[in-house]
Amino acid sequence: MSFEHRTVASFLAIARLGSIGKAADALGLSQPALSRKIAGLEKKLGVPLFARHAGGMELTVYGRSLLPRAETIALEAERARDEIDQLRGAGRGLARIGVVPSATTTVLSFAVNRLVSQSPACLIHIREGTGEQLLQALGRGEVDLVVSGRRDEPIDAGLVATPFYDDDVGVVASATHPLLAEGRPPADVSDLLAFPWAMPPKGNIVTSGFRDMFLRHGVEPPRPSAETSSIHVLTTLVAATSFLTVLPHDVVRREVDAGRLNYLAGPGLVWRRSLVIIRRRSGSLPPVTAIFLDELRRAAAMRLPP
């Protein structure tokens, strides 16, 4: 059964906004016109797609079944327009990339700069989130590539992960932190319990490594006193206080070189993390995204060793 693009857009707008009125405003249609489109689609399918109630509209079991397919249709139509525009020289090209905050290093910056220098009219949309959030976005077609830490648990069968690069992760403190005082012996895991912690949110490889660091030494991990996905907030807080955090060394290299932060080098306080690039198993990447992937790999090959 074929679906007209505007009908698919109408269905998705109501599903996302939960209201005929809000969806009509978003699409620039009248409510009666939008209602007729949905009624026509329901008649064609022979099932109700929405349950109507005083608070708005919600998907029925049939609507929930149609939703991922409608999202795929809309996404592929948008990609087709982008690719055609690129081929005729009229499009700027769009790369949709998901990255965990702890992967926003010079590698990503180098790749962005290289791509823009080659294709000045392109747009790179970079979305940050936990690994779990980004995998969900990848599955929904909201991003085309994800840079994340390698996970122990298997990923969805529709996705494929390939190695990117390895980096060191460890405990980071202010350069003037008591644990780094001159003449003091290297810190061990038990010493870390005396200080407050600021950490990224749960659901990423860095946080898992934080827990494992303590558990390997038979110590219950402390509860963080501050939690944020912002690397800037984490490093600013740690540099100005006695807070500790766990971050990849690449991420804080400049702060360490500037004398604001430093790594704790005690036993068990540093470990290796493997980053991977995850994409959907089926389908091809949009042209500008494929170029960006090449630049990411080029940047990773050129990076300084940890």
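## Strand E11 and its arginine 279

Strands, as the word is used here, are DSSP runs of E with at least two residues, numbered from the N terminus. In this predicted model, one such run is strand E11, and arginine 279 has its place there. With a relative accessibility of 25%, arginine 279 counts as partly exposed, because the buried class takes in residues under 20% and the exposed class those over 50%. Once its neighbours within four places in sequence are left aside, arginine 279 is in contact with Leu138, Asp144, Leu145, Gly158, Leu159, Val160, Ser284 and Leu285. Arginine 279 and alanine 161 are 118 residues apart along the chain, yet their C-alpha atoms are separated by 6.7 Å.

## Two further residues of E11

Arginine 273 is also found in strand E11, but its relative accessibility is 4%, so arginine 273 counts as buried. Not counting residues up to four places away in sequence, the residues that arginine 273 touches are Ser102, Tyr165, Asp166, Asp167, Val169, Ile205, Val206 and Pro248. Two aspartates, Asp166 and Asp167, are thus among the residues in contact with this buried arginine.

Valine 270 has its place in E11 as well, and at 37% relative accessibility valine 270 counts as partly exposed. Its contacts, again without residues up to four places away in sequence, are Asp168, Val169, Gly170, His249 and Leu264. Val169 therefore appears in the contact list of valine 270 and in that of arginine 273, as the 4.5 Å heavy-atom limit defines contact. Proline 248, which arginine 273 touches, lies 22 residues from valine 270 in sequence and 9.3 Å from valine 270 in space, C-alpha to C-alpha.

## The buried side of helix H6

Helix H6 spans residues 131-139, and its buried residues are Gly131, Leu134, Leu135, Ala137 and Leu138. Around the helix axis these residues cover an arc of only 160°, which means that they are on the same side of H6. Such a pattern can be read against the geometry of an α-helix, which has 3.6 residues a turn, so that residues three or four places apart point the same way.

The cover over the buried residues of H6 includes strand E3 (94-99), strand E4 (123-128), strand E5 (145-149), strand E6 (159-174) and strand E11 (270-280). Leu138, one of the buried residues of H6, is also one of the contacts of arginine 279, which itself sits in E11. Just after H6, glycine 141 takes a positive phi of about 85°.

## Helices H1, H2 and H3

Helix H1 (residues 5-17) and helix H2 (residues 20-27) have axes that come within 8 Å and cross at roughly 130°, so H1 and H2 are oblique to each other. Their crossing is right-handed. On the H1 side the contact involves Ala9, Ser10, Ala13, Ile14 and Leu17, and these meet Ile20, Lys22, Ala23, Ala26 and Leu27 in H2. Sorted by class, the residues in the contact of H1 with H2 are 8 nonpolar, 1 polar and 1 charged.

H2 in turn crosses helix H3 (residues 31-45) at roughly 105°, with axes that come within 9 Å, and the two helices are therefore roughly perpendicular to each other. Ile20, Gly21, Ala23, Ala24 and Leu27 of H2 make this contact with Gln31, Leu34 and Ser35 of H3, and the residues divide into 5 nonpolar, 3 polar and no charged. H1 and H3 pack at an angle of about 105° with their axes 10 Å apart, so H1 and H3 are roughly perpendicular to each other. Here Arg6, Thr7, Ser10, Phe11 and Ile14 of H1 join Leu34, Lys37, Ile38 and Leu41 of H3, and the contact of H1 with H3 has 5 nonpolar, 2 polar and 2 charged residues. Ser10 and Ile14 of H1 thus take part in the contact with H2 and in the contact with H3, while Leu34 of H3 takes part in the contact with H2 and in the contact with H1.

## The protein overall

The protein has 10 helices and 11 strands, and of its 306 residues 44% count as buried. Taken along the principal axes, its C-alpha atoms fill a box of roughly 80 × 50 × 35 Å. Among contacts between residues at least 6 apart in sequence, 73% join residues at least 24 apart.

Technical notes:
Residues are numbered from 1 along each chain as its sequence is written. This is a predicted model: local features need pLDDT of at least 70, side-chain atom pairs count only at pLDDT 80 or more; totals for chains, interfaces and linings use all residues. Side-chain values use heavy atoms; hydrogens and water are left out. Buried means under 20% relative accessible area, exposed over 50%, partly exposed in between (1.4 Å probe, protein chains only). Helices (H or I, at least four residues) and strands (E, at least two) are DSSP runs, numbered from the N terminus. The arc is that of the directions from the helix axis to the C-beta atoms. Axes are lines fitted to C-alpha atoms, for helices over the stretch in contact, and angles run from 0 to 180 degrees between N-to-C directions. Angles under 35 degrees count as roughly parallel, over 145 as roughly antiparallel, 65 to 115 as roughly perpendicular and the rest as oblique. A crossing is left-handed if the near helix is turned anticlockwise from the far one by less than a right angle, and right-handed if clockwise. Ala, Val, Leu, Ile, Met, Phe, Trp, Tyr, Cys and Pro count as nonpolar, Asp, Glu, Lys and Arg as charged, and the others, Gly among them, as polar.
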